[in-house]
Amino acid sequence: MLNPKKMPPKPKELYIYVNGEWLPNSQAKISVMDHGLLYGDGCFDAWMGMNGFIYQLDPHLDRLYRSVHSLQLDLRMSKKEMREKIIESVQKNALVDFYIKTVVTRGISPHPVIDPAKCEKASVIIYARPKIQTEVTDEVKARGVRIKVLSIRRVPRYSLEPKVKSLNYLNIVMGKLEARVSGFDEAVMLDDEGYICECPGFNIEAISGNKLMAPKNDILMGITRDTVIQMCRDEGMEIDEGFFTVYDFVNADEVLLSNSVSGIAPVTQIDGWKIGTGKPGKYGLKFQEIYLNWLKTGVNGTQCFPEAWED
Ligand SMILES: Cc1ncc(COP(=O)(O)O)c(C=O)c1O
């Protein structure tokens, strides 16, 4: 546990890192000429943390730098420095349970025009905030998530590579909107050939007998997806990273959603189809518990307050 007496004091306002400065939340601003705002020209990543531990700091950081490289952003900040700033964002805000988001954009353009070459250098924003409950709340997890098969398809890799966690999330936002207006908790997207790929903001996996089915087509390679794969390996399951249809998933014993902020959530309905018994299954329940335990105890974690941590 973290010893509260050894923790730094909480600031009056949360600090946010913006282009080299730590600013109070109310003063943290970016230019109206920033290409991230104008064209969604940039990328981001997000971490989850509990008890002062950042879960999977380096795998997320590596993914962020792969996104930066793919978009040819001129980020004049080494991975080591970014890592230090991310840890500092938690320390400065004295956060115990939190999430962190890092946004890198192409930067400020002299004119509001598309030409990326005109932007001088990348903008960097880092914010750490107290943990939040997203749409998939503990209540929704307890009864099981009801998801819709969306009419909107995932943007294909030959148009915009979904492995890049880009700021171009309109495809995802519209997917979420379709789920909401249709009265579902969440939704699943198909690729242009009709194979299941991922959900707006989540990866999706299914368990059938002793096999995990983890789609690999047109998805963001989720860090929590890797965690699910690791847990299934620990259970001695066969891992099948391949192409799956709605038929494969509605006939599975269990279906899971995974992402860093919401963790692992059991799906109990896809469109009208009941999954398994229609209640959260044994692996869904077990993996949620293990995930929470790993977050809290620092498995795959980096402790931001080593001097305050007492076993
Ligand atoms: C489109 C998309 N897929 C999958 C995920 C899950 O990724 P991770 O487990 O790394 O959070 C996210 C997370 O935000 C996402 O935006």
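This report walks through how two domains meet in a predicted model, then looks at four individual residues.

**The two domains**

The domain assignment splits the protein into domain 1, covering 9–131, and domain 2, covering 138–297. Measured out between their C-alpha centres, the two sit 26 Å apart. On the contact itself, domain 1 puts in 24 residues and domain 2 puts in 20 residues.

How much area do domain 1 and domain 2 bury between them? It comes to about 1,900 Å², and carbon and sulfur atoms give 68% of that. On the domain 1 side, three residues do a lot of the work: Phe44, Tyr55 and Arg63 supply 35% of the area that domain 1 buries against domain 2, more than any other three residues.

As for polar links, the rule finds zero salt bridges across the interface of domain 1 and domain 2. Polar contacts do turn up there, though, with eight residue pairs across the same interface, both partners at pLDDT 80 or more.

Which elements give two or more residues to the side of domain 1 that touches domain 2? They are helix H1 (35–39), strand S3 (42–50), strand S4 (53–55), helix H2 (57–70) and strand S5 (98–105). S3 gives the most to that side, with seven residues. Sorted by class, the side of domain 1 that touches domain 2 holds twelve nonpolar, nine polar and three charged residues.

**Four residues up close**

Here are the four, with place and relative accessibility.

| Residue | Place | Relative accessibility |
|---|---|---|
| Ser262 | loop between S13 and S14 | 5% |
| Asn51 | loop between S3 and S4 | 13% |
| Ile87 | helix H3 | 15% |
| Leu37 | helix H1 | 56% |

Start with Ser262, in the loop that runs between strand S13 (254–259) and strand S14 (263–270). Ser262 counts as buried because its relative accessibility is 5%, and the cut-off for buried is under 20%. Setting aside residues up to four places away in sequence, Ser262 touches Thr134, Val136, Lys141 and Phe202.

Asn51 is another loop residue, placed between S3 and S4. Is Asn51 buried or exposed? With 13% relative accessibility, Asn51 counts as buried. Beyond its neighbours within four places in sequence, Asn51 is in contact with Met1, Leu2, Val96, Asp97, Lys296, Gln303 and Trp309.

Ile87 belongs to helix H3, residues 79–92. Its relative accessible area is 15%, so Ile87 is buried. Not counting neighbours within four places in sequence, Ile87 is in contact with Ile54, Leu57, Thr302 and Cys304. Take the pair with Ile54: Ile87 and Ile54 are 33 residues apart in sequence, and their C-alpha atoms are 8.1 Å apart in space.

Leu37 sits in helix H1, one of the elements that give two or more residues to the side of domain 1 that touches domain 2. Why does Leu37 count as exposed? Its relative accessible area is 56%, and exposed means over 50%. Leaving out neighbours within four places in sequence, Leu37 is in contact with Ser31 and Val32. Leu37 and Met48 are eleven residues apart in sequence, yet 25 Å apart in space, C-alpha to C-alpha.

Technical notes
Residues are numbered from 1 along each chain as its sequence is written. This is a predicted model: local features need pLDDT of at least 70, side-chain atom pairs count only at pLDDT 80 or more; totals for chains, interfaces and linings use all residues. Side-chain values use heavy atoms; hydrogens and water are left out. Domain bounds come from an automatic or database domain assignment. Contact means heavy atoms within 4.5 Å. Buried area is the accessible area (1.4 Å probe) that two parts lose on being put together, summed over both. A salt bridge is a side-chain nitrogen of Lys or Arg within 4 Å of a carboxyl oxygen of Asp or Glu. A polar contact is a pair of N or O atoms within 3.5 Å; within protein, one must be able to donate a hydrogen and the other to accept it, and residues adjacent in sequence count only if both atoms are side-chain atoms. Helices (H or I, at least four residues) and strands (E, at least two) are DSSP runs, numbered from the N terminus. Ala, Val, Leu, Ile, Met, Phe, Trp, Tyr, Cys and Pro count as nonpolar, Asp, Glu, Lys and Arg as charged, and the others, Gly among them, as polar. Buried means under 20% relative accessible area, exposed over 50%, partly exposed in between (1.4 Å probe, protein chains only).
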